[in-house]
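Visitor: I am new to this structure and would like to learn how to read it. Could you take me through it step by step?

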Amino acid sequence: MSSFRSKVKKIRALSPDIEVTEEKGCIVLRGEVDQWETVVKAGRLAVDCKKYYGVINDIRLKGYRPKEKLPSEKDDLYDGEKPDVLIIGGGLTGCAAARELSRYRLNIMLVEKGADVAAGQSSRNGGAVHVGINYSPSSQKNYFNYRGNIMYSRLSKELDFPFERTGHLMLIGAKWEKILPKLLVMNSKRLHIPGVRYLNREQLLKIEPYAPSWAYGALYMPTGGFTSPYKVNVALAENAVSNGVKICLNTAVLDMETKDGEICSVKTNRGTIYPKLVINASGVYADVIAEMAGDRTFTIHPRKGTDIILDKKVGKYIRTTEVKSPITVLGKDRKLSAAERVKMIKFALSHENTSKGIAVIHTVDKNMIVGPDVQEIPDREDVTTDRETTERILREQMRVAEKIKPSDVIAYFAGVRAPTYEEDFQVRKGIFCKNILEAAGIQSPGATAAPAIGVKLARWAVAYLRETGSVKKNTDFNPIRKGTPHLASLSEKERDALIKENPDYGEIVCRCEEISKGEILDVLRSPLPVYTLDAVKRRCRPGMGRCQGGFCSPLVVQILAKECGCSVEDIRKNTAESRILFRRTKEAGK
């Protein structure tokens, strides 16, 4: 039986309502089923990386029709624009590509449907800079993660964002599990990852004094680190703008006109744009954009994960990033037979293992984050959280960070990853469309890989544009972006000097995070000012402390309104629909 017929048989066994065909080098699935789990299983069964471009899974879930959240703005602000490069998506990948392209004298536009950059998954992850210890050497994840990891040291200095390379740990909970770190050490040598080694209990405690009592030892990976993903995103965007890139927020791509395998125009809610080249970095909607361009060979199946943020007072209990061994996670801590142990080890080493386990992460802001979990969902924008999930995650992680308790939780959030069924990045030139570059399937380790993906996309874009004209270097390109002062991290002498220079730095707005009025005004006067409560929160942290904005939010709203020259009722939390204040209340007794 042929490989294709074998796949058809297995997929049809899930549901007789599924149709399987081969079209333009892809396996295409259509039909309608009762459960989302069936949709995902069918897509995974259809994967064949060697023979096909990819899986196009158009199976629908009965009773569910997806609805994209679009900005309310409708005007002709960008109608008729003719950029050399149009980047779709203002996440880490899109902004990294924009910054790299600004090294050249090009007309570059970036459109983002959100009210700010980092509006999607780029602001909804733990900020781990991954080592890439279990990726296949031939995978794009390995290629871009390895290079992106190296780039972070230089980028953090150039763009002035926080980054710490303190290493990652994989905790070993049973003596027989020691075989896993030994195999991963061998794999690290194959992948040219330096310094990976096994630590016994005594060595582990020197790095992590509060390591859990059950940990026999750990795999130590010194090249691992952590950062603030949204601050990286903002830094890339601001530097790109300073070097001539035009960033267009609240701008969604609605359709494209193509002719003879080439994009002629891109329709948005703010006018029609006529680019020479398009870069698709649209996250969970990457397959939708590729479909518009006639270049789709992949399918995004949304995968949600919830993270929990803990108070800074427990941040001292974690110095690196800790995760339980995948074997412990997969085996649910039960006793395993010899055959089960071998199976677990093989899967833990496989690039098909989509979960590294729920982690305990030390953040650059001195908090602790625990999570995320893994949930396959049909809704690409479902970032809701629920009590059952958060309690389960916390319960699991109280075994890793034994000194934490539920009362330490100050916030929780969810993000939606954008994996393809191939479980690898899809960074490539257009196959059926001449003037598009795809950056799809950028799930974990996307935050680590994004800078390297941006470099690759920029090189391809310049090479394409040089086929029809000259592309010159931007001799005025400045790679340096100076961040705004953060008073809480300064010495008393440095604070005093700043306050004498500008008294606004002496007016504390956020008590939890010690954020001053001067810091808020700094971000509102940056190269990419965004006048929403969430944008200010992402950039300088008012509202991210213990009280979660209960004290400082009204003050930040007043500062925003005065800076914008508008009423406090006009200030939004995020989008145009997220109103904070509706009207003034009546005075007492009237």
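Visitor: Let's begin with a helix. Which residues of helix α2 are buried?

Guide: Welcome! Keep in mind that this is a predicted model. Helix α2 covers residues 36-45, and its buried residues are W36, T38, V39, V40, A42 and G43.

Visitor: What do the buried residues of α2 pack against?

Guide: Their partners are α1 (3-14), β2 (26-33), β3 (54-61) and β21 (375-376).

Visitor: Two of those names are strands I would like to follow. How do strands pair in general?

Guide: Strands of a sheet are held together by backbone hydrogen bonds, and the pairing is either parallel or antiparallel. You can find both kinds here. Strand β1 (residues 19-23) runs antiparallel to β2, with 5 bridges joining the two. Within this pair, E22 sits opposite I27 of β2. On the other hand, β2 and β3 are parallel partners, paired over 8 bridges. There, R30 has D58 in β3 as its bridge partner.

Visitor: How many residues lie between the strands in the hairpin of β1 and β2?

Guide: There are 2 residues between them, and in this hairpin K24 takes a positive phi near 50 degrees.

Visitor: Now for a sheet with more strands. In what order do the 6 strands of the open sheet come?

Guide: Read across the sheet, the order is β12-β5-β4-β16-β24-β23, with mixed pairing. At the edges are β12 (246-248) and β23 (426-429), each of which pairs on one side only. From one strand to the next, the twist averages 15 degrees.

Visitor: In which sense do β4 and β16 pair?

Guide: Strand β4 (residues 85-88) and strand β16 (residues 277-280) are parallel, with 4 bridges between them. I88 has N280 in β16 as its bridge partner.

Visitor: Which strands does helix α12 touch where it packs on the sheet?

Guide: Helix α12 (residues 446-466) touches β4, β16, β23 and β24 (436-440). Its direction makes about 170 degrees with that of β24.

Visitor: Let's turn to empty space. How is it found?

Guide: The idea is to roll a probe the size of a water molecule over the atoms, which shows where space is left empty. In this structure, a search of the whole model finds 1 cavity of 30 Å³ or more. About 40 Å³ of space lies in this largest cavity.

Visitor: Which residues line the largest cavity?

Guide: Its lining is made of A96, R99, E100, M151, L155, L236 and P451. Two elements, α3 (92-101) and α4 (140-159), give two or more residues to it. The largest share, 3 residues, comes from α3. By type, the lining has 5 nonpolar residues, no polar ones and 2 charged ones.

Visitor: And the pockets? How much space lies in the second largest pocket?

Guide: About 900 Å³. It is lined by 37 residues, and those closest to its centre are D160, P162, K231, T484 and H486.

Visitor: Which element supplies the largest share of that pocket's lining?

Guide: That is α7, with 6 residues. At least two residues each come from β7 (163-164), α7 (229-242), α14 (517-524) and α15 (533-540).

Visitor: How do the residues of this lining divide by type?

Guide: The lining of the second largest pocket has 14 nonpolar, 8 polar and 15 charged residues.

Terms used. Residues numbered from 1 in each chain as written. Predicted model: local features only at pLDDT ≥ 70, side-chain atom pairs only at ≥ 80, totals over all residues. Heavy atoms only, no water. 1 Å grid on protein atoms, 1.4 Å probe; cavity = no way out; pocket = protein on both sides within 12 Å on 5 of 7 lines; lining within 4 Å. Points joined across faces, edges and corners; volume = space filled by probe spheres on them. Nonpolar A, V, L, I, M, F, W, Y, C, P; charged D, E, K, R; others polar. Pairing = 2+ DSSP bridges. Axes fitted to C-alpha atoms, helices over the stretch in contact; angles between N-to-C directions. Contact = heavy atoms within 4.5 Å. Buried < 20%, exposed > 50% of the residue type's maximum accessible area, 1.4 Å probe, protein only.
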